Amino acid sequence: MQTVFSAVLIDVPQAAAIWLALIAVAAIVIAALIVRPGRFRPVFGDRISEAARPSSLELAKAAREHSREQARYAQELEVAAARAATTAERRRAAWLAAQDEVEEAWQAYQAAEEHVRRLAAAAALPLPRTARTPAEYADRERWLHRAATDAQDRAEITVEQLSDILGRRGWDPRRHPVEQELLLRRLVRHNLRTRQDAAREREQAAWRAAELAAAAARSLREEAYAATRPAPEPQSALSIVDLAGPETTRELPAREAVARGRAAVPAY
């Protein structure tokens with residue numbers, strides 16, 4: 001029993017020495033990592049990045065898929081830009097037609113204004129005296145009805161206004177024909193002025209629609225042109241993470257600045 005115990009006591013100093021040696025090596029490694037961590041990080045970072053980086057086949061497949069998606073997107077944008085250009089041309093043609101309508105309405109109003117001015121000057125003179133007999137009043141009424149019907153055929157007055165004239169609502173057929181014509185021409189002038197105002201509003205609405213369509217077509221053309229340009233090469237997700245020490249930390253502020261610059265650009 002004493003012999004076995006003596007043999008164990010002889011091995012204890014050797015085991016203690018081995019454990020002390022292992023602890024010393026571990027302490028030296030830990031101290032080296034603490035004092036100079038950048039010396040060992042590139043090795044670990046490169047190995048991890050190499051293991052996580054996709055293979056060349058995967059990169060080629062992703063590039064082909066991205067190219068197909070980009071080509072399809074560019075084609076869709078070109079089709080949309082062509083349709084928008086057609087719409088813009090149609091809206092522009094509608095605006096030009098509205099301009100012509102405004103010009104025609106203005107000329108018609110000017111002619112009506114000149115006619116009223118001449119009749120007003122004629123009505124200011126003494127009117128010829130005629131016998132006020134039932135036959136004379138009947139002739140005056142027939143003249144008024146004929147003049148009103150002709151004005152309605154020329155679309156100078158509405159059907160409702162013609163009905164008021166024929167029904168003597170607001171109209172006295174016993175007036176002199178000069179006075180009747182002056183009142184009728186003033187009504188026509190009022191209608192033409194209303195039509196001119198409506199034509200001007202339609203022209204302004206057509207102009208706004210044409211401007212919006214032109215802006216939409218221009219935006220789609222710019223986007224289609226940008227889609228045909230080559231896209232920047234995609235970066236690995238591990239390139240954002242700092243595995244190589246303080247070198248990548250100098251890159252992050254630049255990325256943040258670029259992001260802030262894009263956010264400051266207004267969207268059209």
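1. A nonpolar surface patch, as the term is used here, is made of residues with over 30% relative accessible area and no salt bridge, whose nonpolar side chains are joined within 5 Å. The structure is a predicted model. In this model, Ile18, Trp19, Leu20, Leu22 and Ile23 make such a patch, with an area of about 590 Å². One of these residues, Leu22, lies in helix 1, which covers residues 2-35.

2. Helix 3 and helix 6 pack against each other with their axes 6 Å apart and an angle of about 165° between them. Helix 3 is therefore roughly antiparallel to helix 6, because an angle over 145 degrees counts as roughly antiparallel. The crossing of helix 3 and helix 6 is left-handed. As for their extents, helix 3 takes in residues 56-123, and helix 6 takes in residues 177-228.

3. Salt bridges come next. Side chains of opposite charge can pair when their charged atoms come close. The count for this model is 16 salt bridges. Three pairs and one network are described in the points below.

4. Arg68 pairs with Glu65 in a salt bridge, and their closest N and O atoms are 2.5 Å apart. Arg68 and Glu65 are 3 residues apart in helix 3, so about one helical turn separates them. Arg68 is partly exposed, at a relative accessible area of 45%. Its partner Glu65 is also partly exposed, with a value of 36%.

5. A second pair in helix 3 is Glu69 with Arg72, a salt bridge whose closest N and O atoms are 2.2 Å apart. Glu69 and Arg72 are 3 residues apart, about one turn of the helix. Glu69 counts as partly exposed at 36% relative accessibility. Arg72 has a relative accessible area of 39% and is partly exposed too.

6. The side chains of Glu179 and Arg175 form a salt bridge at 3.6 Å, N to O. Glu179 has a relative accessible area of 28%, so this residue is partly exposed, given that buried means under 20% and exposed over 50%. Arg175 is partly exposed as well, at 38%. Apart from this pair, Glu113, Glu114, Arg117 and Arg189 are joined into one network by salt bridges that share partners.

7. Two loop residues deserve a check of their backbone angles. Most residues other than glycine have a negative phi. Ala155 is not a glycine, yet its phi is positive, at about 65°. Where does Ala155 sit? Ala155 is in the loop between helix 4 (134-153) and helix 5 (159-166). With a relative accessible area of 38%, Ala155 is partly exposed.

8. The other residue is Arg168, which is not a glycine and has a positive phi near 60°. Arg168 is placed in the loop between helix 5 and helix 6. Is Arg168 buried or partly exposed? At 47% relative accessibility, Arg168 counts as partly exposed, because the value falls between the limits of 20% for buried and 50% for exposed.

Conventions
Residues numbered from 1 in each chain as written. Predicted model: local features only at pLDDT ≥ 70, side-chain atom pairs only at ≥ 80, totals over all residues. Heavy atoms only, no water. Helix = DSSP H or I, 4+ residues; strand = E, 2+ residues; numbered from the N terminus. Buried < 20%, exposed > 50% of the residue type's maximum accessible area, 1.4 Å probe, protein only. Patch = residues over 30% accessible without salt bridge, like charges linked within 9 Å, V, L, I, M, F, W, Y side chains within 5 Å. Areas by Shrake-Rupley, 256 points an atom, 1.4 Å probe, with all protein chains shown as cover. Salt bridge = Lys/Arg side-chain N within 4 Å of Asp/Glu carboxyl O. Axes fitted to C-alpha atoms, helices over the stretch in contact; angles between N-to-C directions. Parallel < 35°, antiparallel > 145°, perpendicular 65-115°, else oblique. Left-handed = near helix turned anticlockwise from the far one by under 90°.
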